[in-house]
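Colleague: I would like a close look at a single part of this model, with its surroundings described residue by residue. Please choose one element and stay with it.

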Amino acid sequence: MSELGNKKIFAKNLNYYMLLNNKNRRDISKALDIPYTTVTSWCTGEFYPRIDKIEMLANYFCINKSDLVEDNKERNNAVPLLGIVKAGYDYLADQNIIGYVEVNVKDKENCFALKVKGDSMQPVLYEGDIIIVHKQEDIESGQVAVVLINENEATVKKVIKNSDSIELIAFNSYYPSKKLKEGFSIIGKVIEAKISKIFE
């Protein structure tokens, strides 16, 4: 199958350059005067844009049109950036993927990325930072993990394992620790972080 006209390749490339330039769908919609729903359909791989819109996007990101329509083999180490993690369904489904992040890990097939929300992990992790998570159901005590609580709330915390429970520890001392005996599951171990404020 030809790469030209491939909706999934275009969506992957578009999401990559959006993430690289810290732009979201609304930014593109406003800057290029394109309906938000149209931009969303490109980002999710539902539709493929016309050539004039591809040229507009390429000019917007200061790249070549080929960077958007061709499969860049050098970026095949990207893992999906998720907008949400919940139990009961495939959280790696297309509708939950909001972009892709380049990684340098051995087992990328079992990794995904998440954007940090909130300030409970400051001063180590700030809101907007991106963490790389290795999917696994168990970790060692003292490691930082993504934990799913009551099947719908994902949180990033240091995990202390006890004989009959776990304790979730925030790096920010303002937040008290939380002890859980049930209603939780380990989604994965945080193995890397891309710190957005490191140069500020």
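Modeller: At the start of helix H1, a side-chain oxygen of Asn6 comes to within 3.0 Å of the backbone nitrogen of Lys8, but I will leave that helix there and turn to strand S5, residues 144-149, bearing in mind that this is a predicted model. Strand S5 is mostly covered, since six of its six residues are buried, a term that here stands for under 20% relative accessible area. In a regular strand the side chains alternate between the two faces of the sheet. In S5 this can be followed by name: Val144, Val146 and Leu148 point one way, while Ala145, Val147 and Ile149 point the other way, and all are buried.

The strand has two partners to consider. With strand S6, residues 153-161, S5 is joined by six bridges, and the two run antiparallel; within this pairing, Ala145 stands opposite Lys157 of S6. The hairpin that S5 and S6 form has three residues between the strands, and in it Asn150 takes a positive phi near 55 degrees. With strand S9, residues 184-194, S5 is joined by five bridges, and this pair also runs antiparallel; here Val146 is the residue that stands opposite Gly188 of S9.

Taken together, S5 is a strand whose six residues are buried, which is bridged antiparallel to S6 and likewise antiparallel to S9, with Ala145 facing Lys157 in S6 and Val146 facing Gly188 in S9.

Terms used. Residues are numbered from 1 along each chain as its sequence is written. This is a predicted model: local features need pLDDT of at least 70, side-chain atom pairs count only at pLDDT 80 or more; totals for chains, interfaces and linings use all residues. Side-chain values use heavy atoms; hydrogens and water are left out. A polar contact is a pair of N or O atoms within 3.5 Å; within protein, one must be able to donate a hydrogen and the other to accept it, and residues adjacent in sequence count only if both atoms are side-chain atoms. Helices (H or I, at least four residues) and strands (E, at least two) are DSSP runs, numbered from the N terminus. Buried means under 20% relative accessible area, exposed over 50%, partly exposed in between (1.4 Å probe, protein chains only). Two strands pair if DSSP finds at least two bridges between them.
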